[in-house]
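Visitor: I would like a close look at a single part of this protein, followed outward into its surroundings. Please take one residue as the starting point and connect it to the rest of the fold.

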Amino acid sequence: MTDSLRGAAARMTPSDFLAFLRQHRLAVLSTVRDGAPQAALVGIAVTDTLEIVFDTVTGSRKYTNILADPRVALVAGWDYGKTLQIEGTADVLADEYLAAF
């Protein structure tokens with residue numbers, strides 16, 4: 001997922017961003033289909049290069065939504081009133097890349 005940071009997140013260092021996301025294994029992913037928002041709870045992993053990875057099945061709404069429109073928003077946190085929202089685009093990864101996760 002390619003991210004766009006605003007507000008407090010824009011002031012975070014890459015190390016702060018990575019540490020925050022690695023404290024959270026769940027996030028809410030929002031997608032759009034035919035102009036209607038849809039949100040789903042997903043498990044996440046974060047690479048050292050700040051790529052956020054989540055899995056889904058090809059029959060899910062989020063998968064078909066991402067294929068139709070890759071723009072997404074992701075919210076992680078919610079513990080102690082701290083959250084991080086990221087907007088960007090999602091890519092479907094090739095199987096050989098997924099083996100790392």
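Guide: Asn65 counts as buried, because its relative accessibility is 2% and the cut-off for buried is under 20%. The model in which this is seen is a predicted one, and the values that follow are computed from it. Asn65 belongs to helix α3, which spans residues 61–68. Once its neighbours within four places in sequence are set aside, Asn65 is in contact with Thr31, Val32, Arg33 and Gln38.

One of those contacts, Arg33, leads on to the charged pairs. The side chain of Arg33 meets that of Asp34 in a salt bridge, with 3.9 Å from N to O. The two partners can be described by their accessibility: Arg33 is partly exposed at 32%, whereas Asp34, with a relative accessible area of 77%, is exposed.

The whole structure contains three salt bridges according to the search. Another of these joins Arg71 and Asp69, whose closest N and O atoms lie 2.7 Å apart. Here the partners fall into opposite classes, since Asp69 is buried at 17% relative accessibility, while Arg71 is exposed with a relative accessible area of 54%; the cut-offs that place them so are under 20% for buried and over 50% for exposed.

There is also the salt bridge between Asp48 and Arg22, in which the closest N and O atoms are 2.8 Å apart. This pair ties together distant parts of the chain, for Asp48 sits in the loop between β3 and β4 and Arg22 in helix α2, with their positions 26 residues apart. Asp48 is exposed, having a relative accessible area of 63%, and Arg22 is partly exposed, with 35%.

Helix α2 brings the description to the interior. The largest nonpolar core has 19 residues, and the members that touch the most others are Leu21, Leu29, Ile44, Ile52, Leu74 and Ile86. At least two residues of this core come from each of α2 (14–22), β2 (26–33), β3 (36–46), β4 (52–54), β5 (71–79) and β6 (82–89). With four residues, α2 supplies the largest share of the core.

Strand β2 also reaches the surface, as Leu26 is located in that strand and counts as partly exposed at 41% relative accessibility. Together with Leu41 and Trp78, Leu26 forms a nonpolar patch on the surface, and the accessible area of these residues together is about 310 Å².

These parts can now be set within the whole protein. Its four helices and six strands follow one another along the sequence in the pattern β-α-α-β-β-β-α-β-β-α. Among contacts with a separation of 6 or more, 53% are between residues 24 or more positions apart. Of the 101 residues in the protein, 34% are buried, and Asn65, the starting point, is a buried residue as well. The protein exposes about 6,400 Å², of which carbon and sulfur atoms supply 54%.

How values were computed
Residues are numbered from 1 along each chain as its sequence is written. This is a predicted model: local features need pLDDT of at least 70, side-chain atom pairs count only at pLDDT 80 or more; totals for chains, interfaces and linings use all residues. Side-chain values use heavy atoms; hydrogens and water are left out. A nonpolar core is a set of buried Ala, Val, Leu, Ile, Met, Phe, Trp, Tyr and Cys residues joined through side-chain atoms within 4.5 Å. Buried means under 20% relative accessible area, exposed over 50%, partly exposed in between (1.4 Å probe, protein chains only). Contact means heavy atoms within 4.5 Å. Accessible areas come from the Shrake-Rupley method with a 1.4 Å probe; for residues, only the protein chains shown count as cover. A salt bridge is a side-chain nitrogen of Lys or Arg within 4 Å of a carboxyl oxygen of Asp or Glu. Patches are made of residues with over 30% relative accessible area and no salt bridge: like charges are joined within 9 Å, nonpolar side chains (Val, Leu, Ile, Met, Phe, Trp, Tyr) within 5 Å.
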